[in-house]
Every structure is written in structure tokens, then in C-alpha cells.
Amino acid sequence: LTPELERIITMLRIMEKKFVVSAEGETFLLDVSAILYIEAVDRKTFVYTEKGIYESDLRLYELEEQLEEYGFFRASKASLIQLRAIRSLKRDINRRIRVTMENGEVLMVSRQYAEALKKRLGILQ
């Protein structure tokens with residue numbers, strides 16, 4: 001398989017993968033490809049998309065294990081980001097990275113994960 005073909009196969013898998021979340025007492029089957037980032041706040045896990053915010057019953061580490069192969073990356077102790085949803089990166093103080101997502105939201109990648117993010121994106125500095 002060529003790298004390009006492997007990317008296409010991965011994209012097809014992402015489009016097929018559904019994820020169970022809830023919002024306002026209703027349960028939804030969300031396409032993994034629609035998720036921009038995931039955040040843990042006060043022992044709750046929130047899933048952010050262009051269209052809304054949902055809650056998951058799973059812990060962040062469980063989601064990280066399930067979603068790593070779909071292009072998600074641990075950005076801090078409390079968040080996972082979808083690498084394909086990154087619009088831009090900017091260096092911040094203390095070796096952190098400021099990430100702007102496709103929806104315009106700005107997230108911080110802690111210095112603990114900054115080098116791994118650069119490596120994963122193929123950014124050599």
C-alpha cells in the first residue's frame with residue numbers, strides 16, 4: 001500500500017466510525033470525523049463539533065485509546081484534538097503551542113505534549 005492509499009483507507013474508516021454522546025437528555029450517534037476536540041472538565045467529558053457540544057460517559061484516557069488511530073492527539077492532561085481540524089499553530093510562552101481550530105477556537109498544547117505534536121505533524125524546528 002502506498003502512503004496515499006493508506007490515508008484514503010483511514011479516511012473511510014473515520015467516516016464509518018460512530019461515537020455515542022448525549023446532549024440535553026438525548027443520545028446521539030456522532031461521526032468521529034465531525035469531532036474537533038474533546039475536553040475533560042470537572043470529571044465530565046465534553047465532545048466539541050462545529051454544530052454543538054455533547055457529553056460522553058467515557059473518560060478522556062478511554063477516548064484517547066479509541067480515537068488515536070483516527071487522528072486524535074493528546075494536547076494536555078484535559079484535552080484531545082483532531083489533527084485534521086487544526087487551522088494554524090503558534091508558539092506560546094514556556095514552549096507551549098497555541099492551536100487554532102477550524103471553527104476558530106484556540107486551544108493550548110502543553111509543553112509536555114508540544115514536541116510530540118510537532119513530530120506527529122512533521123514540523124521540524
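## Lys-118 and helix 3

Lys-118 is buried, at a relative accessible area of 15%. This is a predicted model, and in it Lys-118 makes a salt bridge with Glu-115, with 3.4 Å between the closest N and O atoms. Its partner sits in a rather different setting: Glu-115 counts as exposed because its relative accessibility is 53%, and the cut-off for exposed is over 50%.

Both residues belong to helix 3, which covers residues 111-121, and they are 3 residues apart, about one turn of the helix. As a general point, an α-helix has 3.6 residues a turn, so residues three or four places apart point the same way.

## The other salt bridges

The structure has 5 salt bridges. Behind them is a simple idea: side chains of opposite charge can pair when their charged atoms come close. One of the bridges runs between Glu-64 and Arg-74, whose closest N and O atoms are 2.9 Å apart. This pair ties together distant parts of the chain, with Glu-64 in helix 2 (residues 60-67) and Arg-74 in strand 6 (residues 72-76), 10 residues apart. Is Arg-74 buried or exposed? Arg-74 is buried, with a relative accessible area of 13%, while Glu-64 is partly exposed at 26% relative accessibility.

Then there's Asp-92, which forms a salt bridge with Arg-98, the closest N and O atoms being 2.5 Å apart. Arg-98 counts as partly exposed, at 32% relative accessibility. The two aren't on their own, either: Asp-92, Arg-96 and Arg-98 are linked in a network of salt bridges.

## The 8-9-10 sheet

Arg-98 falls within strand 9, which spans residues 97-101. That strand belongs to an open sheet of 3 strands, ordered 8-9-10 and paired antiparallel. Strand 8 (86-91) and strand 10 (106-109) are the edge strands, each pairing on one side only. On average, neighbouring strands here are turned by 25° against each other, direction ignored.

Strands 8 and 9 run antiparallel and are joined by 5 bridges. For a handle on the register, look at Ile-86, which stands opposite Met-101 in strand 9.

## Helix 2 and what covers it

Back to helix 2, the home of Glu-64. Which residues of helix 2 are buried? Leu-60, Leu-63 and Leu-67 are. Seen down the axis of helix 2, the buried residues fall within an arc of 60°, so they line one face of the helix.

The cover over those buried residues includes strand 1 (18-23), strand 3 (35-41), strand 4 (44-49), strand 5, strand 6 and strand 7 (79-82). Strand 6 therefore turns up twice: as part of this cover, and as the strand that holds Arg-74, the salt-bridge partner of Glu-64.

## Ser-56, a polar residue inside

Ser-56 lies in strand 5, residues 53-56. Ser-56 counts as buried because its relative accessible area is 5%, and the cut-off for buried is under 20%. What does the side chain of Ser-56 reach? It reaches the backbone nitrogen of Leu-58, at 3.1 Å.

Leaving aside residues up to four places away in sequence, Ser-56 touches Phe-19, Val-20, Thr-45, Val-47 and Leu-63. Leu-63 is one of the buried residues of helix 2, and Phe-19 takes us to strand 1.

## Strand 1 and its hairpin

In a regular strand the side chains alternate between the two faces of the sheet. Strand 1 does just that: Phe-19, Val-21 and Ala-23 point to one face and are buried, while Lys-18, Val-20 and Ser-22 point to the other and are not.

Strand 1 is joined to strand 2 (residues 26-31) by 6 bridges, and the two run antiparallel. Lys-18 stands opposite Asp-31 in strand 2. The hairpin has 2 residues between the strands, and Glu-24 takes a positive phi near 50°.

## Positive phi between strands 3 and 4

More positive phi values appear at Asp-42, near 50°, and at Arg-43, near 65°; neither residue is a glycine. Asp-42 is in the loop between strand 3 and strand 4, and so is Arg-43. Asp-42 is exposed, with a relative accessible area of 70%, and Arg-43 is exposed too, at 75%.

Conventions
Residues are numbered from 1 along each chain as its sequence is written. This is a predicted model: local features need pLDDT of at least 70, side-chain atom pairs count only at pLDDT 80 or more; totals for chains, interfaces and linings use all residues. Side-chain values use heavy atoms; hydrogens and water are left out. Two strands pair if DSSP finds at least two bridges between them. Helices (H or I, at least four residues) and strands (E, at least two) are DSSP runs, numbered from the N terminus. Axes are lines fitted to C-alpha atoms, for helices over the stretch in contact, and angles run from 0 to 180 degrees between N-to-C directions. Buried means under 20% relative accessible area, exposed over 50%, partly exposed in between (1.4 Å probe, protein chains only). A polar contact is a pair of N or O atoms within 3.5 Å; within protein, one must be able to donate a hydrogen and the other to accept it, and residues adjacent in sequence count only if both atoms are side-chain atoms. Contact means heavy atoms within 4.5 Å. A salt bridge is a side-chain nitrogen of Lys or Arg within 4 Å of a carboxyl oxygen of Asp or Glu. The arc is that of the directions from the helix axis to the C-beta atoms.
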